[in-house]
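Q: Could you walk me through how the labels on this model hold up against their definitions?
A: Sure, let's have a look.

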Amino acid sequence: RRSPAVRSAFQAINKSPRTSPVQGRKSPRTSPMRGRRSPLMRDQFVVVKMHFLDTRAIEVSHGTSLAELTSMAKKKFNAEAKAISLWREDKTHLICIQTESDIQDAWKTIVGGNLTLWVYEEKAGTSGVPYLYEAEALYDYDAQQVGDLGFRAGDVLQVTVEVNEEWLEGRSRGNMGIFPRSFVQKT
């Protein structure tokens, strides 16, 4: 049975889809429950927000396995790729969830009955997350908040999404996040 807090968060998420995995900096990612940690036991329900081409929510039991979550994400987004990967927030970047140990670490980051994950498709013939093109960092960029990708001048980044005119999303050195377009040059 859903608690009132979980029910209201679930309804709010499903009523406001996003058109991009990351939207500009004017409206930071927030949840109605952000900042309030609550101890959860296995078999209690948790709202899992998944960011892909839009944001969708599913309600699952706390401690659901990586295989089950991956299967649910494929169904929720009608992903046709043979494989998808799930990612979670760390302090300044996204971390790929590859093992059951990784998903157990993710369950420890629940805030207010919500767990936020990012979903990336892995197309046939690619290794890891596919990308649009590579770009070289012109300047150092220090991550400003969760979801940003920090890098140093000269680093080569793989751009995965052109978020808008000012921001790109990509990966470098095993980390993923968004960064200012003006800090890189397409190679």
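Q: Which residues of helix 2 are called buried, and what makes a residue buried or exposed?
A: L66, L69, T70, A73 and F77 are the buried ones in helix 2. Buried means under 20% relative accessible area, exposed over 50%, and partly exposed in between (1.4 Å probe, protein chains only). Helices here are DSSP runs of H or I with at least four residues, strands are E runs of at least two, and both are numbered from the N terminus. This is a predicted model: local features need pLDDT of at least 70, side-chain atom pairs count only at pLDDT 80 or more, and totals for chains, interfaces and linings use all residues. Residues are numbered from 1 along each chain as its sequence is written, and side-chain values use heavy atoms, with hydrogens and water left out.

Q: Why do the buried residues of helix 2 line one face?
A: Down the helix axis they fall within an arc of 100 degrees, so they line one face; the arc is taken over directions from the axis to the C-beta atoms. On the other side, A67 and K75 are exposed.

Q: What makes the largest nonpolar core a core?
A: A core is a set of buried Ala, Val, Leu, Ile, Met, Phe, Trp, Tyr and Cys residues joined through side-chain atoms within 4.5 Å. The largest one has 20 residues, and L69 is among those with the most contacts inside it. Helix 2 gives the largest share, 4 residues.

Q: Which separate core is there besides that one?
A: A second one, of 14 residues, includes L149, V159, F179 and V184.
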